[in-house]
Amino acid sequence: MFVQKKNYRQEKKRVAKELFSALKDPSVVIMSNWLKIRGTLKSWTKLWCILKPGILLIYKTPGSDHWVGTILLNACKLIERPSKKDGFCFKLYHPLDKSIWAMKGPKGESVGSITQPLPSNYLIFRAASESDGRCWMDALELALSCSSLSKMSAKSGRDGDLSGSSESSHILQLLQISLHQHTAERVHIRCNAAGEASQVETVSEENKGLIWTLLKQLRPGMDLSKVVLPTFILEPRSFLDKLSDYYYHADLLSQAVMEESPYSRMKQVLRWYLSGFYKKPKGLKKPYNPILGEMFRCCWLHPQTDSCTFYIAEQVSHHPPVSAFYISNRKDGFCITGSILAKSKFYGNSLSAILDGKARLLFLTRDEEYIITMPYAHCKGILYGTMTLELGGKITIECEKTQCYTEIEYKLKPFLGSSCNVNQISGKIRMGEDVLATVDGHWDSKVHLTEKRTGQQEVLWNPGPDIRRQRLKRQVVQVDQQEAFESERLWQHVTRAISDKDQMRATQEKFVLEEAQRQEARERAERPWNPRLFTFNTDTNEWHYKYTDTKPWDPERCLLQFEKDGVIQTKEKSRRRSFSYSQNWAAQQKVSPTGSYSTPEPNHESSDNEGQSSSHTQTQLHSKS
């Protein structure tokens, strides 16, 4: 026990020293961007702000030639400031109304560049958007926590030994909070509002070093797709697989097609849209970044309509990382196509994951197209505090043909908000300029819809136990019958190592895949990559599935929709070629057609603890012959 304690103390000293060295590095910038600052005359000036540990440098331009002033953060407090104008406001102030300004600039300047007069004991800032403002506040919290570190070298009398100073205690305390380094170390993740228990994961001794390895790679504002993430924070499945979570309730779209009025169809589309968010992994996990050319396919059986929804996704670009997808259920009358450019940015104590792209939902028999956008994910508490994940931003669902339009705002928790302010959404459904209904609630629990004309309120969505039991069963191809670049087979060794809690092996297996991708890119040189299943339309700047079939289902001719080798097809009566596929799902469970196979739904550690299906339901997914 004595040896363990000694080793623990030495490790804390080593990490504290390394962190202190990093924070004293003048090249370390927590965040930098344009901000508007309000002067004493209540007018706003746009200035370039550079946030470093303990200080906020203000310049007229991004260069370092026009210094305006330096804010000393060790004397400051931070608060969100409500604003009626666009953007997001926050305030830095001295609680005793003392000056917050440094006497000299970073190059010894005694007089700053001339701007409008600025207050001496506070500053009010305006960011361009709420997401930018939240990121600035997270970054400032980190800088405020580090503000006392600049005094450390003057007070520490030992060369590089920080253990004796009071600031050392602050460093170690910060590390224990931020890296959760304690003998009974835990990472606490906020549970969702659907009644699930608190989720707690133990971080092993091995993983502590991996966290620090991650932090040393990070530079604020950088793209996280270029960061080698520790495998223990990975959700053991590909991002292509992750995108399929939106179709476990695809039967809601089957119902939407049948609705008579455009408003009723929009309500049902919105209900389906909300169904894609409550299924979350245990803890804050990031799926694998797909390898270029990687493919994932699956389908969901619809017992009520005796149909099947097929999902195909392919990684069509690596830099930038673009995932293209196509979903089809011709019998029930809908298909979806789209692509996602996943962009992640690090902001000190937080990061944002932006899903840039849109999906096009088409109702085949009505020739109606709904254009759909996505919220961004915001994770805070990366270095200290409770690690939490929120969704933010405004999304739209728009049908040009019917002029029916939905706008929903995903709200981040206010700086001084309570737990009831977490995961809130609000929005409206419009027909032209007329508001038909308002929507409010929490995206991971209950959402209400209120009719504008009558005032009648209904529960639009509530993912309780009954709804979860209605989830469609997903069918995937058995791993040993998948192609080499299908997601589950491609990542199987990484997934197995994570399942075995062998993080070193998982990291090695992940490196093998990533190095093979880099080697392939070197060999390909300047030759463009040609995706297998999707093609890029330069006119619309969008990716399209090569085998799209948007013809309405004709029950007189169409027998069966199926997928083979990534190609979604339809067997029709007019074709003479013999197929051994059954039209009836029940018959398929009794008769095993040649060349087909099935698997139960895999358990991907979803938050609702769904287990694997006990029976092997025959599907219409087919292996390569």
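**Figure 1. Contacts and burial across the whole predicted model.** Take the contacts between residues at least 6 apart in sequence: 59% of them join residues at least 24 apart. Keep in mind that this is a predicted model. Of the 625 residues in the protein, 52% are buried. As for secondary structure, there are 13 helices and 30 strands. The close-ups that follow pick out a sheet, a hairpin and some cavities.

**Figure 2. An open sheet of seven strands, paired antiparallel.** Reading across the sheet, the strands come in the order β4-β3-β2-β1-β7-β6-β5. The edges belong to β4 (67-72) and β5 (77-81), each of which has a pairing partner on one side only. Going from one strand to the next, the twist averages 35°. Backbone hydrogen bonds are what pair the strands of a sheet, in either a parallel or an antiparallel sense.

**Figure 3. Zooming in on β3 and β4, with helix α2 packed on the sheet.** β3 covers residues 55-59, and five bridges tie it to β4 in the antiparallel sense. For one of the pairs, look at Y59, whose bridge partner in β4 is W67. Then there's helix α2, made of residues 130-145, which packs on the sheet. The helix touches β1 (31-38), β2 (44-52), β3, β5, β6 (88-93) and β7 (122-127). Compare the directions of α2 and β6 and you get an angle of about 20°.

**Figure 4. The β28-β29 hairpin.** Here β28 (residues 558-564) and β29 (567-572) run antiparallel, joined by six bridges. One bridge to find is that of C558, which has E572 in β29 as its partner. Two residues sit between the strands of this hairpin, and D565 in the turn has a positive phi of about 55°. Is β28 mostly covered or mostly open? Mostly covered: of its seven residues, five are buried.

**Figure 5. The largest cavity, with a volume of about 190 Å³.** Rolling a probe the size of a water molecule over the atoms is a way to see where empty space is left. In this model, the count is three cavities of 30 Å³ or more. The largest cavity has 13 lining residues, and those nearest its centre are Y246, Y247, F325, A359 and M374. Two elements, α8 (262-274) and β16 (350-363), give two or more residues each to this lining. β16 gives the most, with three residues. What classes of residue make up the lining of the largest cavity? Nonpolar residues account for 12 of them and charged for one, with no polar residues.

**Figure 6. The second largest cavity, with a volume of about 40 Å³.** Its lining is made up of Y326, S328, R330, Y547, D549, Q561, I568, Q569 and T570. Both β14 (322-329) and β29 supply at least two residues of this lining. Which strand gives the most to the lining of the second largest cavity? That's β29, with three residues, the strand that forms the hairpin with β28 in the earlier view. By class, the residues around the second largest cavity are three nonpolar, four polar and two charged.

Conventions
Residues numbered from 1 in each chain as written. Predicted model: local features only at pLDDT ≥ 70, side-chain atom pairs only at ≥ 80, totals over all residues. Heavy atoms only, no water. Pairing = 2+ DSSP bridges. Helix = DSSP H or I, 4+ residues; strand = E, 2+ residues; numbered from the N terminus. Axes fitted to C-alpha atoms, helices over the stretch in contact; angles between N-to-C directions. Contact = heavy atoms within 4.5 Å. 1 Å grid on protein atoms, 1.4 Å probe; cavity = no way out; pocket = protein on both sides within 12 Å on 5 of 7 lines; lining within 4 Å. Points joined across faces, edges and corners; volume = space filled by probe spheres on them. Nonpolar A, V, L, I, M, F, W, Y, C, P; charged D, E, K, R; others polar. Buried < 20%, exposed > 50% of the residue type's maximum accessible area, 1.4 Å probe, protein only.
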